[in-house]
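This report looks at a metal site and at charged side-chain pairs in one protein model. The structure is shown first, and the description follows.

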Amino acid sequence: MLQSSLEFLRCIRCGSKLELDVFEFDKEIIEGIMQCKKCKLEFPIIQKVPILWDDFSKYLSSRRILGGKLYKLTNSSKLKDFVKKSLNVKDNDRSNLEEKWVRIYQNSKTSKFYSTIKKNLDSLPSSKFVLEYGCSIGIVTSHLANSNELVFGVDRSFSAIQIAKKQFKKNLDYFVADSLSPVFGKLQFDLVLALNVLEIIEPKILLKLISKQITKGYFVISDPYDFDRGPSSVRSPVDASSLRTNLSDLGFKISTSTKKPSFIPWSLKLNPRATLNYKVDFIIAQKS
Ligand SMILES: C[S@@+](CC[C@H](N)C(=O)[O-])C[C@H]1O[C@@H](n2cnc3c(N)ncnc32)[C@H](O)[C@@H]1O
Ligand SMILES: [Zn+2]
């Protein structure tokens, strides 16, 4: 984590500023703990990756394999104790699943989807604060850092953010967090992205939250509307039409070029013999 990111972070439980204890540093913070002095909640930074989860035990309860790895990866005794203390609850393990998806995204970087999105983003004016939700390994986030002042990516997958953090840029940082938790308090952004996340993060809640983070600026969304996911489906899906209506109701104007639904190919290479081919819709919305 960049030392400079601290000023933009807030305690996700009470909104207070965080204090930082650094154990290992080289250009950026490799290991440390951020603490909210008010409610005493602590957030570890492990292998440069800050984890801003309300309940770290809960985060690890569904990622026990990851928990074991984090325990091995930490060097300072304070952080080792912190991870160990959090390793006692059991749940279905997501670690392998999240690692599998990291591999899929790494193998799918050349999908036409990413070049199309990058080209569209390059046509937007340069922004001061940019945020991407569900950024995974940072394919688009990292590109945005080339032409914008300060760029943040948020994802709940430690494995994904660990890969994203391998690329160092002084104006680019990533956080493990739930997109629906107020990691940045009331900070306003000039550009927010939510690419292919509406099936996993309750869309209407996410849209409302993002709308509050943009007073004047752009909101870029892409999605394949693949909502049929059994028990893990979101409660309130959207489609090309209702998503546009929702955005208009929240005060966004849809750019002329994305008023009509599009079908941009997004190929995910699942393994050498299988590819998942989506056609995604794309929207650039704006508040001015
Ligand atoms: C389908 S992938 C899309 C990745 C990337 N935006 C892209 O288009 O290539 C969804 C991503 O959202 C992340 N994610 C899912 N639920 C989340 C949540 N509640 N908060 C933060 N990230 C979440 C997943 O870990 C995953 O990396
Ligand atoms: Zn707090």
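## The zinc site

In this predicted model, the zinc ion (ligand 2) is held by four sulfur donors: Cys11 (SG), Cys14 (SG), Cys36 (SG) and Cys39 (SG), at 2.3 Å. Along the chain, the donors of the zinc ion (ligand 2) follow the spacing C-x2-C-x21-C-x2-C. Cysteine 11 lies in the segment before strand 1 (18-26) and cysteine 36 lies in strand 2 (residues 28-36), so this pair ties together parts that are 25 residues apart in sequence.

What arrangement do the 4 donor atoms around the zinc ion (ligand 2) make? They subtend angles of 97 to 124 degrees, and the arrangement is therefore tetrahedral; the rule for four donors is that all angles lie between 85 and 135 degrees.

Are cysteine 11 and cysteine 36 buried or exposed? Cysteine 11 has a relative accessible area of 1%, so cysteine 11 is buried. Cysteine 36 counts as buried too, because its relative accessibility is 0%. The cut-off for buried is under 20%.

## A salt bridge between two helices

A search of the whole structure finds 10 salt bridges. One of them joins the side chains of glutamate 99 and lysine 69, with an N to O distance of 2.5 Å. This pair links distant parts of the chain: glutamate 99 belongs to helix 4 (residues 95-107) and lysine 69 to helix 2 (residues 64-73), and the two residues are 30 residues apart.

Glutamate 99 counts as partly exposed because its relative accessibility is 23%. Lysine 69 has a relative accessible area of 35%, so lysine 69 is partly exposed as well.

## A buried salt bridge

The side chains of aspartate 173 and lysine 165 also meet in a salt bridge, at 2.7 Å from N to O. Aspartate 173 counts as buried because its relative accessibility is 0%. Lysine 165, at 3% relative accessibility, counts as buried as well.

## A further pair, and a network

Aspartate 226 and arginine 229 form another salt bridge through their side chains, at 3.6 Å from N to O. Aspartate 226 has a relative accessible area of 26%, so aspartate 226 is partly exposed. Arginine 229 is partly exposed too, with a relative accessible area of 34%.

Which residues are joined into one network by salt bridges that share partners? The network consists of Glu28, Lys165 and Asp173.

Notes:
Residues are numbered from 1 along each chain as its sequence is written. Chains are lettered from A and ligands numbered from 1 in the order in which they are written. This is a predicted model: local features need pLDDT of at least 70, side-chain atom pairs count only at pLDDT 80 or more; totals for chains, interfaces and linings use all residues. Side-chain values use heavy atoms; hydrogens and water are left out. A salt bridge is a side-chain nitrogen of Lys or Arg within 4 Å of a carboxyl oxygen of Asp or Glu. Helices (H or I, at least four residues) and strands (E, at least two) are DSSP runs, numbered from the N terminus. Buried means under 20% relative accessible area, exposed over 50%, partly exposed in between (1.4 Å probe, protein chains only). Donors are N, O and S atoms within 2.8 Å of the metal (3.2 Å for Na, K and Ca); water is not among the atoms, so sites may look incomplete. Four donors count as tetrahedral if all angles lie between 85 and 135 degrees; four count as square planar and six as octahedral if opposite donors are over 155 degrees apart and all others between 65 and 115; anything else is irregular.
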